[in-house]
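Subject: Structure for you to look over

Dear colleague,

I am handing over the structure we spoke about, with the sequence beside it. Could you open it first and then read the notes below with the model in view?

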Amino acid sequence: MRRSGLGSRRRTELAVVLAATLAGGGLVGCASGDGTTGEGTIALLLPEAKTARYESSDRPTFEEVAALRCPTCQLLYANADQDAATQQEQAEAMIARGADVLVLDAVDTVAATSIVADAERHHVPVIAYDRYIDDPAVDYYVSFDSALIGYQQGEALLAALAGSPRRTDGRPPGVLLVHGSPTDPNADALKRGVHRALDDADVQILAEYDTPDWSPDKAQDWVTGQLTQFAGRVDGVYAANDGTAGGAIAAMKAAGMDPVPPVTGQDAELSAVQRIVAGDQLMTVAKATDQQARTAAELSVRVLRGEDPVAPATIGGIKSFLLAPTTIEAADVERVVVQGRIYPVDEICTPPYADACEALGLTSPGAP
């Protein structure tokens with residue numbers, strides 16, 4: 001097991017300095033039951049909280065599994081709130097506090113190479129989580145096949161457009177592509193996947209946009225402008241995730257489009273599932289983020305204990321664990337979402353969605 005080369009005095013000095021800079025940075029430590037670090041320290045760094053899954057699924061699942069697999073381990077946690085500089089400081093603080101393994105979901109995967117270099121200098125293994133970091137010093141990568149997800153989204157959009165009436169002007173269906181953050185390599189993989197589905201298909205890509213920080217507000221603003229520029233020509237929207245899908249749908253509703261053209265998504269957020277039930281969003285992709293977090297937590301404990309787990313894949317020379325995604329459309333909500341225990345019926349079928357849930361067979365007539 002690689003361990004930090006910092007001396008105890010240097011660790012203390014650096015921890016004191018960084019504590020002042022991270023007063024509001026969300027660095028949290030969970031000590032072992034006897035107040036010691038026990039077997040060692042595992043650090044989890046997540047990029048932001050705008051995407052609901054990070055705080056509602058990834059973090060609690062990771063912490064629960066890591067604590068179960070290693071009860072005497074210390075767990076450190078920080079959320080960078082979409083700030084790469086903050087994440088750099090958080091990582092440095094964790095190394096100063098004696099982190100033996102860093103599990104890093106990078107805000108900016110290019111900037112994150114400096115975190116990887118710092119960890120390498122101090123002999124701390126790095127597990128790239130969710131977002132690929134193109135650096136050979138990364139020890140493992142745990143995520144989903146983003147190119148496959150983009151292809152699935154594109155295929156779902158094509159199928160929906162094929163079932164729609166043909167345009168009266170003779171043009172092929174017009175689509176907008178709302179991609180993810182330009183600093184996230186997963187967004188680039190998604191882009192490659194959706195282009196593989198759409199480029200040779202009978203559709204016209206009207207415009208495409210890389211959404212800074214995956215911001216739903218920025219996605220909404222961009223789509224609003226495109227609806228003006230391409231008035232009457234937008235027949236569908238590829239949105240890379242559920243947040244940008246929500247922004248795109250809000251823009252189209254504000255423009256008076258009823259029904260809303262088909263819109264893709266990803267992450268199976270509750271609000272997206274409700275939009276699918278209501279007919280406002282075409283689909284989403286369930287990535288079983290709890291399974292991803294569980295895989296990363298178990299892997300981090302094994303690495304901390306000096307093991308070298310065999311990975312089923314290698315990407316850019318990095319040992320990789322890629323999980324399979326599942327697409328969800330309206331007909332899949334009962335089987336995948338409810339029976340798969342992603343969300344129970346009572347969370348989905350709140351009063352605004354009661355009629356839609358009944359029509360879809362999720363609730364009985366007259367059920368609350």
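What follows is a description of the fold as a whole, then of its pockets, its cavities, its disulfides and one loop residue.

Please keep in mind throughout that this is a predicted model. The protein has 368 residues, of which 52% are buried, and its secondary structure comes to 13 helices and 13 strands. Among the contacts between residues at least 6 apart in sequence, 74% join residues that are at least 24 apart. The accessible surface comes to about 15,500 Å², and carbon and sulfur atoms account for 50% of that area.

Pockets

The largest pocket has a volume of about 480 Å³, and its lining consists of 23 residues, with S57, A288, T289, D290 and I342 lying nearest the centre. Two elements, α2 (53-69) and α10 (289-304), are the ones that give two or more residues to this lining. Sorted by class, the lining of the largest pocket has 9 nonpolar, 7 polar and 7 charged residues.

The second largest pocket holds about 330 Å³ of space and is lined by 21 residues, among which S164, R167, V234, D235 and P261 lie nearest its centre. The lining of this second pocket divides into 13 nonpolar, 2 polar and 6 charged residues, which you may wish to set beside the figures for the largest pocket, namely 9 nonpolar, 7 polar and 7 charged.

Cavities

Apart from the pockets, the count of cavities of 30 Å³ or more comes to 2. The largest cavity has a volume of about 130 Å³, and of the 15 residues that line it, Y54, D130, D184, W214 and K287 lie nearest the centre. Helix α2, already named for the largest pocket, supplies at least two residues to the lining of the largest cavity, as does α6 (185-198). By class, that lining has 3 nonpolar, 5 polar and 7 charged residues.

The second largest cavity has a volume of about 40 Å³, and the residues that line it are A84, Q87, Q88, V107, D108, A111, A112 and I115. Both α3 (84-96) and α4 (112-121) supply at least two residues of this lining, with the largest share, 3 residues, coming from α3. Its class make-up is 5 nonpolar, 2 polar and 1 charged.

Disulfides

How many disulfides does the model contain? The count comes to 2, and, with the bonded cysteines counted along the chain, they follow the pattern 1-2, 3-4. One of them joins C70 to C73, with an S to S distance of 2.0 Å, and this link is right-handed, with 70° about the S-S bond. Both C70 and C73 are buried.

The other pair is C349 and C357, whose sulfur atoms are 2.1 Å apart. Is the disulfide of C349 and C357 left-handed or right-handed? The torsion about its S-S bond is about -95°, so the disulfide is left-handed. Here, too, both cysteines, C349 and C357, are buried.

A loop residue

Where does P344 sit in the chain? P344 lies in the loop between α11 (333-338) and α12 (345-348). Its relative accessibility is 37%, and because partly exposed covers the range between under 20% for buried and over 50% for exposed, P344 counts as partly exposed. The C-alpha atoms of P344 and E334 are separated by 9.5 Å, the two residues being 10 apart along the chain.

When you go through the model, a convenient order might be to begin with α2, since this helix gives residues to the lining of the largest pocket and also to that of the largest cavity. From there you could turn to the second largest pocket, around S164, R167, V234, D235 and P261, and then to the two disulfides, C70 with C73 and C349 with C357.

With best wishes

Definitions and conventions:
Residues numbered from 1 in each chain as written. Predicted model: local features only at pLDDT ≥ 70, side-chain atom pairs only at ≥ 80, totals over all residues. Heavy atoms only, no water. 1 Å grid on protein atoms, 1.4 Å probe; cavity = no way out; pocket = protein on both sides within 12 Å on 5 of 7 lines; lining within 4 Å. Points joined across faces, edges and corners; volume = space filled by probe spheres on them. Helix = DSSP H or I, 4+ residues; strand = E, 2+ residues; numbered from the N terminus. Nonpolar A, V, L, I, M, F, W, Y, C, P; charged D, E, K, R; others polar. Disulfide = S-S within 2.5 Å. Buried < 20%, exposed > 50% of the residue type's maximum accessible area, 1.4 Å probe, protein only. Contact = heavy atoms within 4.5 Å. Areas by Shrake-Rupley, 256 points an atom, 1.4 Å probe, with all protein chains shown as cover.
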